[in-house]
Amino acid sequence: MRAYATNKYGTAYGNTISFTTENPTIPTLETTAITGITNSAALCGGNIIYNGGAMVTARGVCWSQNEPRISDSKTTDGSGEGDFTSVLSDLIPGTTYYVRAYATNRYGTAYGNIMYFTTQSIPELSTIAASGITPTTATSGGSIYNNGGAKI
């Protein structure tokens, strides 16, 4: 492009310059494997492959019991491209969660692929009333009615 000016004697042109137009887009990313699952926490993360032509200003993982969005529970794990790991905490035992990584730049928020996992569950049991009570001994026991999904 170049500037120009016109008067009664004619038109003059400035020097020619060039530029590249911006192709605005949201980031491209993937959700990474879920590991370290306990009854109340898990590890998950993401890999921001392309920033979309603008700096990634927020990134993390969001989760819910449905399709997760950043309006649900989420982590905030800095900014920029590349790999990151998030700690998902305050989870409910024995619950299935859907998770996905997110990344935000000035053009919007993008999401990685949705993955799911189920938190571990602790055993459920009741204590049997004590019997045969003497000054130094007693007999009791318990009844396990849910192993929490794992061998006792």
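D90 is exposed in this predicted model, with a relative accessibility of 73%. The residue sits in the loop between β7 and β8. Its backbone has a positive phi of about 60 degrees, although D90 is not a glycine. Most residues other than glycine have a negative phi.

From D90 the view can be widened to the whole chain. The chain has 12 strands and zero helices, so its pattern along the sequence is β-β-β-β-β-β-β-β-β-β-β-β. The radius of gyration is 29 Å, well over the 15 Å that the globule rule gives for 152 residues, and the chain is therefore more spread out than a compact globule. The C-alpha trace spans about 120 × 25 × 25 Å along its principal axes. Of the 152 residues, 27% count as buried. The accessible surface of the chain comes to about 9,700 Å², and carbon and sulfur atoms hold 53% of that area. Among contacts with a separation of 6 or more, 55% are between residues 24 or more positions apart.

One pair of residues illustrates the extent of the chain. T127 and T16 are 111 residues apart in sequence, and their C-alpha atoms are 87 Å apart in space. T127 lies in strand β11, which covers residues 124-131. At 67% relative accessibility, T127 counts as exposed. Leaving aside neighbours within four places in sequence, T127 is in contact with S140, G141 and G142.

Strand β8 offers a route through the pairing. This strand covers residues 96-105, and eight of its 10 residues are buried. Strand β5, residues 58-64, runs antiparallel to β8 and is joined to it by seven bridges. Within this pairing, the bridge partner of G60 is Y102, and the bridge partner of R59 is A103. Strand β10, residues 115-118, is also antiparallel to β8, with four bridges between them. There T96 of β8 has T118 as its bridge partner.

β8 pairs with β9 as well. Strand β9 covers residues 108-111, and the two strands pair in the antiparallel sense over four bridges. They form a hairpin with two residues between them. The bridge partner of N105 in β9 is G108.

How enclosed is β5 by the rest of the structure? Six of its seven residues are buried, so β5 is largely enclosed. Besides its bridges to β8, β5 pairs with strand β6, residues 73-74, in the antiparallel sense over two bridges. In that pairing W63 stands opposite S73.

The side chains can be followed next. In soluble globular proteins, nonpolar side chains tend to be buried together. Here the largest nonpolar core has 17 residues, and those with the most contacts inside it are L88, L91, V99 and F117. The elements that give two or more residues to this core are β4 (42-50), β5, β7 (82-88) and β8. Of these, β8 gives the most, with four residues.

L91 is one of the core residues with the most contacts inside the core. Not counting residues up to four places away in sequence, L91 touches N39, S40, A41, A42, W63, Y97, F117 and T119. Among these contacts is F117, itself one of the residues with the most contacts inside the core. Another is W63, the residue that stands opposite S73 in β6.

The cysteines remain. A disulfide is a covalent bond between the sulfur atoms of two cysteines. How many disulfides does the model have? The count comes to zero. C44 is in no disulfide, since the nearest cysteine sulfur, that of C62, is 9.6 Å away, whereas the rule asks for sulfur atoms within 2.5 Å. For C62, likewise in no disulfide, the nearest cysteine sulfur is that of C44, 9.6 Å away. C44 counts as buried, at 2% relative accessibility. C62 is buried too, with a relative accessible area of 0%.

Conventions: Residues numbered from 1 in each chain as written. Predicted model: local features only at pLDDT ≥ 70, side-chain atom pairs only at ≥ 80, totals over all residues. Heavy atoms only, no water. Buried < 20%, exposed > 50% of the residue type's maximum accessible area, 1.4 Å probe, protein only. Pairing = 2+ DSSP bridges. Core = buried A, V, L, I, M, F, W, Y, C linked by side-chain atoms within 4.5 Å. Contact = heavy atoms within 4.5 Å. Rg over C-alpha atoms; globule rule 2.2 N^0.38 Å. Areas by Shrake-Rupley, 256 points an atom, 1.4 Å probe, with all protein chains shown as cover.
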